[in-house]
Amino acid sequence: MNSPTVAQLLADAARSLSRAGVDTPELDAELLLAHALGVDRTRLLTHPEHILTPEQQTAFRALLDRRLQRHPLAYITGRRWFYDILLHVTPAVLVPRPETEELVARALTWLQTHPRAMVADIGTGSGAIALAVAKHTPPTVRIVATDISARALDVARSNALRLGLDQRVVFLLGDLLAPLPEPADLLLANLPYVAERDRSGLAPEVSVHEPAGALFSGPAGLDHLRRLLAQAPEFLRPGGAVLLEIGYDQGPAVIELARRVFPHATIRLHQDLAGLDRLLEITKTQ
Ligand SMILES: C[S@@+](CC[C@H](N)C(=O)[O-])C[C@H]1O[C@@H](n2cnc3c(N)ncnc32)[C@H](O)[C@@H]1O
């Protein structure tokens, strides 16, 4: 049998991925083959006639098999772009989502007028939010990042080292705001907010392969946000702000929780690119 070309391998792989229920079969086939060959996707697509060695075919097959079992692409390649930083990701951390970049953008806008702020990223996972904020702020902005998972913090710390940001972010293990050494000016969090009852509707990439401790938060998905908000007044300085990522249907419930603990604050919802409620912003005036 003739050795297959890049074009033939991509077409076969995309067909198998599509049959396995993968949403973007062509793109995933290209990214996996590019990763197996150690080239970028453009190079792959401009050399469709290239023939793979048997070793390259074996390496690609191993990656493809994992994707057919619906392992997230980011866990297979071990990396994911977030904002403008390349993060290493493992199954110990949630794969950072594009929606969360909006939280970073709003945090950076707030920090432009608060260049000496103390920032806390609660439930940092891969370190995505804390590290993106660190990259785009002067060293006068101090940043602490917490997580309840020691394995997640190992990933976050190694990302900080690789990105040369390890002197900018202090990583602390513990429950929500408890590890903070002092109150913060800006509290940021993308905590678990999926309702237990929604588990069965999730794609296998999420429900089977991402850490349950990064996703689920009680019957309505609000347990973490409720507890965080209850602790927040003690850990937020006067004039401070809170930015929380929320589920698209949680806006009214989270506003009510926030009003109870911050009756005099300005509370706003922001929508994501799809027009869905995605961020809660609390600005404390005193
Ligand atoms: C939805 S993931 C988000 C990770 C990261 N912030 C991001 O946006 O990609 C939630 C993170 O919160 C952490 N977490 C869950 N419960 C926590 C708690 N009680 N205190 C601190 N972190 C917690 C999980 O381990 C996980 O890393």
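**Exercises on helix packing**

The crossing of helices α2 and α4 is right-handed (the near helix is turned clockwise from the far one by less than a right angle; anticlockwise would be left-handed). The model is predicted, and local features need pLDDT of at least 70, side-chain atom pairs count only at pLDDT 80 or more, while totals for chains, interfaces and linings use all residues. Residues are numbered from 1 along each chain as its sequence is written.

**Exercise 1.** Work out how α2 is oriented relative to α4, and which residues meet.

*Solution.* Begin with the axes, which are lines fitted to C-alpha atoms over the stretch in contact, with angles from 0 to 180 degrees between N-to-C directions. Helix α2 (residues 25-37) and α4 pack at an angle of about 140 degrees, and their axes are 9 Å apart. This makes α2 oblique to α4 (under 35 degrees is roughly parallel, over 145 roughly antiparallel, 65 to 115 roughly perpendicular, and the rest oblique). Finally, look for contacts (C-beta atoms, placed from the backbone, within 7 Å): residues of α2 including Leu32, Leu33 and Ala36 meet a set in α4 that includes Phe60, Leu63 and Leu64.

**Exercise 2.** Decide how α1 is oriented relative to α4.

*Solution.* The axes of α1 (residues 6-19) and α4 cross at roughly 20 degrees and come within 10 Å. Helix α1 is therefore roughly parallel to α4, and their crossing is right-handed. On the α1 side the residues are Leu9, Ala13, Ser16 and Leu17, which meet Phe60, Leu64, Arg67 and Leu68 in α4.

**Exercise 3.** Describe the surroundings of α10, starting with its buried residues.

*Solution.* His224, Leu225, Leu228, Leu229 and Ala232 are the buried residues of α10 (20 or more other C-beta atoms within 10 Å of their own). These buried residues pack against the strands β3 (118-122), β6 (184-189) and β7 (236-245), and against the helix α11 (251-261). The axes of α10 and α11 come within 9 Å and cross at roughly 20 degrees. It follows that α10 is roughly parallel to α11, and this crossing is right-handed. Among the α10 residues that meet α11 are Leu225, Leu229 and Ala232, and their partners in α11 are Val254, Leu257, Ala258 and Val261.

**Exercise 4.** Determine whether threonine 53 is buried or exposed.

*Solution.* First locate threonine 53, which lies in the loop between α3 (41-45) and α4 (54-68). Because threonine 53 has 10 C-beta neighbours inside 10 Å, it counts as exposed (12 or fewer). Lastly, compare positions: threonine 53 and glycine 123 are 70 residues apart in sequence, and their C-alpha atoms are 43 Å apart in space.

Definitions and conventions:
Helix = DSSP H or I, 4+ residues; strand = E, 2+ residues; numbered from the N terminus. Contact = placed C-beta atoms within 7 Å.
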